[in-house]
Amino acid sequence: MENKYEPEIMDRVVSISRVAKTVKGGRNMRFRALVVVGDGHGRVGAGIGKSIEIPEAIRKAKESAIKSMVDVTTDGTTIPHRYIGEFGAGKVLVMPAKPGTGVIAGGAARAVVELAGIKDIRTKSLGTANPLNVVNATIDALGKLRAVEDVAKTRGKNPEEIL
């Protein structure tokens, strides 16, 4: 099933939480796993899986994440411009950084940025610290980034006119 020409997909478990459903006989316990996947070359996605057993929840989350992968526009080792991604109560500000800066990001956002293959970036989580919302807000921000050439083509102008 794996294509030998495509980059290998890496995954990282961001959080595992125990969730319960109250039923007639008591509580049904399950595990919910949040997994981020990426190829390190501009594609990243996140997924959730639930199961009675943790490994099964992680497997389901990884399959879900692969289906939801988005392309990330990069400018060398960083991103083209700053943007605020939103998801629920989570807001994440992503900012370009000079080469050599490294990845300056907190827990959940760091996993997304590293698996996307971005080497120099600064992020700031605004709002909630809920890992699910932070991960989805970071993916929203990275997915909506656009290169100057793309914007120029859309507007029918030269890239120099936009800058």
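Is R59 buried, partly exposed or exposed? In this predicted model, R59 has a relative accessible area of 38% and is therefore partly exposed. Its side chain forms a salt bridge with E56. The closest N and O atoms of R59 and E56 are 2.5 Å apart. Both residues belong to helix α1. They are separated by about one helical turn, because they stand 3 residues apart in that helix. E56 is partly exposed as well, at 27% relative accessibility.

Helix α1 spans residues 54-67, and I54 lies in it. I54 contributes to a nonpolar surface patch of about 200 Å². V13 and I16 make up the patch together with I54. The relative accessibility of I54 is 32%, so I54 counts as partly exposed. The cut-offs explain the class: partly exposed lies between under 20% for buried and over 50% for exposed.

The UniProt record, an unreviewed entry, annotates residues 9-72 as "domain: S5 DRBM". Strand accounts for 59% of this span and helix for 22%. The C-alpha atoms at the two ends of residues 9-72 lie 15 Å apart.

Nonpolar side chains tend to be buried together in soluble globular proteins. Here, the largest nonpolar core holds 26 residues. Within this core, V44, I118, I121, V135 and L142 touch the most other members. Several elements each supply at least two core residues: β2 (26-38), β3 (43-51), β6 (90-96), α2 (107-116) and α3 (131-143). The largest share comes from α3, with 7 residues. The core also draws on both domains. Domain 1 (10-70) and domain 2 (72-151) each provide at least three residues.

Salt bridges were then examined across the whole structure, and 7 were found. One of them joins the side chains of R43 and D71, with an N to O distance of 3.1 Å. R43 lies in strand β3, whereas D71 lies in strand β4 (residues 70-71). The pair therefore ties together parts that are 28 residues apart in sequence. The two partners fall into separate accessibility classes. R43 counts as partly exposed because its relative accessibility is 31%. D71 has a relative accessible area of 53% and is thus exposed.

A further salt bridge links K144 and D140. Their closest N and O atoms are 3.1 Å apart. K144 counts as partly exposed, at 44% relative accessibility. Elsewhere, R12, R110 and E114 are joined into one network by salt bridges that share partners.

Strand β4 also contains V70. The relative accessible area of V70 is 27%, so this residue is partly exposed. V70 and G143 are 73 residues apart in sequence. In space, their C-alpha atoms are 6.1 Å apart.

Taken by element, the contacts can be restated briefly. In helix α1, R59 and E56 form a pair about one helical turn apart, and I54 lies in that helix too. Strand β3 holds R43, and strand β4 holds its partner D71. Strand β3 is also among the elements that supply at least two residues to the largest nonpolar core. Helix α3, which spans residues 131-143, likewise supplies this core, and its share of 7 residues is the largest.

Note on methods
Residues are numbered from 1 along each chain as its sequence is written. This is a predicted model: local features need pLDDT of at least 70, side-chain atom pairs count only at pLDDT 80 or more; totals for chains, interfaces and linings use all residues. Side-chain values use heavy atoms; hydrogens and water are left out. UniProt positions are given in the numbering used here, feature names are shortened, and annotations may be inferred rather than shown by experiment. Helices (H or I, at least four residues) and strands (E, at least two) are DSSP runs, numbered from the N terminus. Patches are made of residues with over 30% relative accessible area and no salt bridge: like charges are joined within 9 Å, nonpolar side chains (Val, Leu, Ile, Met, Phe, Trp, Tyr) within 5 Å. Accessible areas come from the Shrake-Rupley method with a 1.4 Å probe; for residues, only the protein chains shown count as cover. A salt bridge is a side-chain nitrogen of Lys or Arg within 4 Å of a carboxyl oxygen of Asp or Glu. Buried means under 20% relative accessible area, exposed over 50%, partly exposed in between (1.4 Å probe, protein chains only). A nonpolar core is a set of buried Ala, Val, Leu, Ile, Met, Phe, Trp, Tyr and Cys residues joined through side-chain atoms within 4.5 Å. Domain bounds come from an automatic or database domain assignment.
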